[in-house]
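The exercises below are meant to be worked through with the sequence and the coordinates side by side. Each task sentence is followed by a solution that proceeds step by step.

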Amino acid sequence: MIEEGLKSELQKQGVYVTTLEDLYNWGRANSIWPLTFGLACCAIEMMAASMARFDLARFGAEVFRPSPRQADLMIVAGTVTKKMAPLVVRLYNQMPEPKYVIAMGSCAISGGPFKQGYNVLKGIDRYLPVDVSIPGCPPRPEALIHALMTLQQKILAQKLTGPDRPGCLNAAVPGEFPVPAYGEHDLEPSKNPQIWHPPLIKR
Amino acid sequence: MDANQHPYLVLALLMAAAVAFALGPLAAAWAWARFYSPAKPGKDKNGIYECGLESKGDAWIQFRSEYYLYAIIFLVFDVETIFLLPFAVAFTSLSAGAFVAILVFLLLLLEGLVWAWRKGFLVWK
């Protein structure tokens, strides 16, 4: 492992040194392929972000894949209804690791303006491990780009060894999360307690 | 080993380098996947359908053999039109033999139509 001071000193002399970890993460962070997956109006902003004006391609993330087998990132763009939630989880399960989730917009985070609706899931973080949440209704494309950059920083900081290593290198990280079933009144189970840790409200 | 004596040596070397250039990253990716990333197969991950829904039934279903009727009627109406158009364009300059030949062809197709009609396939059910 090379020291940061020596590294920058060498760089001034035109010698670039790096680690395998940095190279690996650099490649991963700059080729995030999102799943073509729009659920509601947030998807319009997602499309706008991938078009010429906002140009998601600058971050290597313009390759929207129509198959979960080829995708790294699931952008949950829009309201997740309870009818759709099992499909979302199943699609996430079908993605190869390492995989990341961006919850885009208030609906995907918490149900948003439809939170009181009987058929709306109150946040996809009940079933999936969300990496980045973007508030907004809908968030502007700049916000999505910011979320992508946040995700890139998260990926760049991941170690290839240790407990924080990406899921593809860690046998302990589950490859599949339980898919909820349609119950009589609600999805069963209504949340995945392994993932969903709501903040405790202290009064 | 002089390059003048073996003029194709450079080509062979370039070929070997090209193959290594193509296979090297593939081998590296395979080795990386083999030794560092644990496989995590599962029910959903191994599922064949990629739309989030579960696949239902068997993929080995039988298609109804009656669809050959549509093929025949398509042939009667569509292929006939294709041959009728040049026939009509060249009608005035045709010899008697050519006229009889195309008439036989038309009669054959017409026979197919009569056959389909009598079997009742043209009735909308």
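A residue is called buried if 20 or more other C-beta atoms lie within 10 Å of its own, exposed if 12 or fewer do, and partly exposed in between, with the C-beta atoms placed from the backbone. Helices (DSSP runs of H or I, at least four residues) and strands (runs of E, at least two) are numbered from the N terminus. This is a predicted model, in which local features need pLDDT of at least 70 and side-chain atom pairs count only at pLDDT 80 or more, whereas totals for chains, interfaces and linings use all residues. Residues are numbered from 1 along each chain as its sequence is written, and chains are lettered from A and ligands numbered from 1 in the order in which they are written.

**Exercise 1. Describe helix H2 of chain B by its span, its bend and its burial.**

Step 1: H2(B) covers residues 68-89, and its 22 residues reach 32 Å from the first C-alpha to the last. The expected span, defined as 1.5 Å times one less than the number of residues, is also 32 Å, and the helix comes close to that value.

Step 2: The bend at a residue is the angle between axes fitted to the seven residues ending there and the seven starting there; in H2(B) there is a kink of about 30°, centred on B:Leu75.

Step 3: The count of buried residues in this helix is zero, and H2(B) is thus described as hardly covered.

**Exercise 2. Lay out the elements of chain A and determine how E1 and E2 are paired and covered.**

Step 1: Chain A has six helices and five strands, which run α-α-α-β-α-β-α-β-α-β-β from the N terminus on.

Step 2: Strands pair if DSSP finds at least two bridges between them; E1(A) and E2(A) pair in the parallel sense over five bridges, and A:Leu73 has A:Tyr100 as its bridge partner in E2(A).

Step 3: In E1(A), five of five residues are buried, with A:Leu73, A:Ile75 and A:Ala77 on one side and A:Met74 and A:Val76 on the other. E2(A) likewise has five of its five residues buried, where A:Tyr100, A:Ile102 and A:Met104 form one side and A:Val101 and A:Ala103 the other.

**Exercise 3. Identify the residues that touch the most other members of the largest nonpolar core, and follow the contacts of A:Met104.**

Step 1: A nonpolar core is a set of buried Ala, Val, Leu, Ile, Met, Phe, Trp, Tyr and Cys residues joined through C-beta atoms within 7 Å. The largest such core has 44 residues, of which A:Met74, A:Val76, A:Ile102, A:Met104 and A:Ile124 touch the most other members.

Step 2: Elements of chain A that each supply at least two residues of this core include strand E1 (73-77), strand E2 (100-104) and helix H6 (141-156).

Step 3: Two residues are in contact if their C-beta atoms, placed from the backbone, lie within 7 Å. When residues up to four places away in sequence are not counted, A:Met104 touches, among others, A:Cys42, A:Met46, A:Ile134, A:Pro139 and A:Leu144.

**Exercise 4. Decide whether A:Leu128 and A:Arg140 are buried or partly exposed.**

Step 1: A:Leu128 lies in the loop between H5 and E3 of chain A, and it is buried because 25 other C-beta atoms lie within 10 Å. Its contacts, not counting residues up to four places away in sequence, are A:Val89, A:Tyr92, A:Val101, A:Phe177 and A:Ile195.

Step 2: A:Arg140 is found in the loop between E3 and H6 of chain A, and it is partly exposed because 14 other C-beta atoms lie within 10 Å. A:Arg140 and A:Ile44 are 96 residues apart in sequence and 9.8 Å apart in space, C-alpha to C-alpha.

**Exercise 5. Locate the cis peptide bonds that precede A:Pro138 and A:Pro189, and the positive phi of A:Asp55.**

Step 1: Most residues other than glycine have a negative phi, and most peptide bonds are trans.

Step 2: The bond from A:Cys137 to A:Pro138 is cis, with omega near -15°, and A:Pro138 is in the loop between E3 and H6 of chain A. The bond joining A:Glu188 and A:Pro189 is also cis, with omega about -5°, and A:Pro189 lies in the segment after strand E5 (187-188) of chain A.

Step 3: A:Asp55, which is not a glycine, has a positive phi of about 55° and is found in the loop between H3 and E1 of chain A.
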